[in-house]
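Trainee: Please show me how to read aromatic ring pairs in a model.

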Amino acid sequence: MGVSPRGDAEVTASGVASAALVAAAAACLMAAYRLLDGPSLPDRMVALDTITTTIVAVSALYSIATEREFYLLVSLVLGLIGFVSTVSVAKFVEEGDLIE
């Protein structure tokens, strides 16, 4: 019944990733509530950015849990899209126009 240290580490990493996925899902639900019920536009912008960041974290955690590197690329692309969209919305809110 000997278990290698590597086997224990993999089970632990998968378990931690699963627990973190549950926490990230809860954070996403709380941010969604703020997005729908936010009192002001900046509150909604922060909630949308939080949701984007949480989705990137979920993708990375899923990559760890399933040991598939493809989802790390997905999280990288989602992070870049989230950054560009946040900057675009901030510019629109500040200036009222995206294209000068």
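**Aromatic pairs and a helix**

Mentor: By the rule used here, the count comes to two aromatic pairs. The rule pairs rings of Phe, Tyr and Trp (its six-membered ring) if their centres lie within 6.5 Å; planes under 30 degrees apart are stacked, over 60 edge-to-face, and the rest tilted. In one pair, the ring centres of Tyr-62 and Tyr-71 are 4.9 Å apart and the planes lie at 85°, so this pair is edge-to-face. This is a predicted model: local features need pLDDT of at least 70, side-chain atom pairs count only at pLDDT 80 or more, and totals for chains, interfaces and linings use all residues. Residues are numbered from 1 along each chain as its sequence is written, and side-chain values use heavy atoms, with hydrogens and water left out.

Trainee: Why is the pair of Phe-70 and Tyr-71 edge-to-face?

Mentor: A pair of rings is described by the distance of the centres and the angle of the planes. For Phe-70 and Tyr-71 the centres are 5.5 Å apart and the planes are at 70°, so the pair is edge-to-face. Ring pairs link Tyr-62, Phe-70 and Tyr-71 into a cluster.

Trainee: Is Phe-70 buried or exposed?

Mentor: Phe-70 is exposed, at 55% relative accessible area (buried is under 20%, exposed over 50%, partly exposed in between, with a 1.4 Å probe and protein chains only). Tyr-62 is partly exposed at 35%, and Tyr-71 is partly exposed at 24%.
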